[in-house]
Amino acid sequence: ISSLSIAAEPWPENAALYQQLKEEQILLSDNASSLAVQAFLQMCNLPIRVICRANAEYMSPSGKLPFIHVGNQVVSELGPIVQFVKAKGHSLSDGLDEVQKAEMKAYMELVNNMLLTAELYLQWCDDVTVEEITHPRYGSPYPWPLNRILSYQKQWEVKRKMKAIGWAGKTLEQVLEDVDQCCHALSQRLGTQPYFFNKQPTELDALVFGHLFTILTTQLITDELSEKVKNYSNLTAFCRRIEQQYFEGHEKESSTIAGRSAKKSLLR
Amino acid sequence: MAARMTLSCWGGDWGLPSLHPESLTVMAYAKFACAPLTVNTINNSWRALKGDIPVLVSEDVVISQPAKILNFLRKQKYNADYELSAKQGADTLAYIALLEEKLLPALLHTFWIEAENYCSVTKPWFASRIAFPLSLYLPGKMSREALNRILLTKGGPPLYNLTEVEAQIYRDAKECLNLLSKRLGTSQFFFGDRPTTLDAFVFGFLAPIYKVCFPRVQLQEHLKQLPNLCRFCDDILTCYFRLTVSGHSPAGQDTADANLQKLTQLVNKESNLIEKMDDNLRRSPQHPPRKLTTLKLAAGGEEGSPMSLLSP
């Protein structure tokens, strides 16, 4: 797919974003990633419909969610989607200088490295959460025994990855401490500015919003994870600001942070 | 702080105090923070090979990962980040994440997976520092772990074989080097003129790429085109490690080791050439992807032959 052909077509009206079923199936980490992409597209002013499918993970070209279907191209994950959107002529980070771009990339890696891995750890390696939330949700569209088989298979894959990067030996407390450290760094970097790079939001803001908002509004076994984020008032204000500016008035995202309505709750 | 602190880590060569990125990071940080650390390089002993390397032992406390070791040193009041602002501390964390995600896979690949590099440099070097018969097993295990890590974190669709993954990780690593170079600019260290944790980590990752002489060196060539990063490494080596490299006793051992290693390299190169000629005669030429599959599937099969020529 040459970038020339990508650039040639304008953004269509029927662009769609695919994720798993929102009420019954989607997990914390996928929800965060999906919200990040939605926020990014909203910030670029590109219309997108969210379509929920039980087999979204298998439809995705890389096996990871979310993915977008634009024209006749399918692109998954935030990084490639940002590149794709840039090829179409929309970019949020053009105004940054080289050093700022380096910083932005570094902070995005920090979020992926710590927050996303911590979310994966919590939902696949913490036994209580796995039993009560993950296994029932992940396999919910499928009949027994397929639901158990699929979720054990996924759990095994995630555990292998955790072992390879050295997270398998961590306890839950250590993981929560890492989350705290990450939030501390994000809070320090944000300071009192409205966005990470002052006046304009960038893909970093979308990514951070996706993860923090999901953590704040998802009900898990305990509140420890969301408490870590709530300790930093500028981060919660940041999430509220982005929610109000980019998601208010759309029926699909009508919940607010203050009231944890059933729509956002992921506990059965 | 009166307690004695000993650090066990891999030794060095080619002008470096250590070849191992994590060991190098800890040693650099200790120098920056003026922490009195006794460094024991691993050399043919059984003792320090149980856990991860590097390992810090202080009285009864045993700590093993670089981040944890640095935290411990900071708690003992050896803090190189004392003058950093909160935002700079946050930047440190972000850049370290960038290094681990984008540069580390290519570093691991250059050392442990690229067939020529592994067979002619990495394996003999590490094997010569590990006691027999562990030297037959441990380098292979480290190589398998590196491959595993890369495939699990970077492999998977839409990259379907190792060559595509390799291409992607080297692209990412070169981009990371460019970003670091832009961030460093013309200053001496990343946060002004005093070295900090971030400098220790960057040095730990860059110096092995910069100095170790491998047959396949695409990352090193890219790094050499970024003169400010090369200058950064050289500055740290001359200012902070000069004493260790020149007159200390580990250096004497290092020269003997270096000679032994050059001899083993020569022998291994010859045996590799002979193997290649044999294979060329018999069937299709051995080229890296095939060799790699052999490494993955039949662990220990093709590692056996060079090892028999090595005298640990």
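**Interface and salt bridges of chains A and B**

Between chain B and chain A an area of about 2,200 Å² is buried, 64% of it given by carbon and sulfur atoms; buried area here is the accessible area (1.4 Å probe) that two parts lose on being put together, summed over both. On the side of chain B, the residues that lose the most area to chain A are B:Leu93, B:Leu152 and B:Lys182, together 23% of what that side buries. This is a predicted model, in which local features need pLDDT of at least 70 and side-chain atom pairs count only at pLDDT 80 or more, while totals for chains, interfaces and linings use all residues. Residues are numbered from 1 along each chain as its sequence is written, chains are lettered from A and ligands numbered from 1 in the order in which they are written, and side-chain values use heavy atoms, with hydrogens and water left out.

**The interface**

- Contact (heavy atoms within 4.5 Å) involves 24 residues of chain B and 21 residues of chain A.
- The rule finds 4 salt bridges across the interface, a salt bridge being a side-chain nitrogen of Lys or Arg within 4 Å of a carboxyl oxygen of Asp or Glu.
- The elements of chain B that give two or more residues to the side touching chain A are helix H3 (86-113), helix H5 (134-154) and helix H6 (162-184), with helices taken as DSSP runs (H or I, at least four residues) numbered from the N terminus.
- The largest share of that side, 12 residues, comes from H3(B).
- One of the salt bridges joins the side chains of B:Lys87 and A:Glu103 (3.8 Å, N to O), and these two residues are linked with A:Arg189 and B:Asp91 in a network of salt bridges.

**Salt bridges within the chains**

- Over all chains, a search of the whole structure finds 19 salt bridges.
- In chain A, A:Arg148 and A:Glu131 form a salt bridge whose closest N and O atoms are 4.0 Å apart; A:Arg148 lies in helix H7 (residues 146-165) and A:Glu131 in helix H6 (residues 127-138), so the pair ties together parts that are 17 residues apart in sequence.
- In chain B, B:Lys154 forms a salt bridge with B:Glu101 at 3.8 Å between the closest N and O atoms, linking helix H5 to helix H3 across 53 residues.
- B:Lys154 is buried at 18% relative accessible area, whereas B:Glu101 is partly exposed at 25%; buried means under 20%, exposed over 50% and partly exposed in between (1.4 Å probe, protein chains only).
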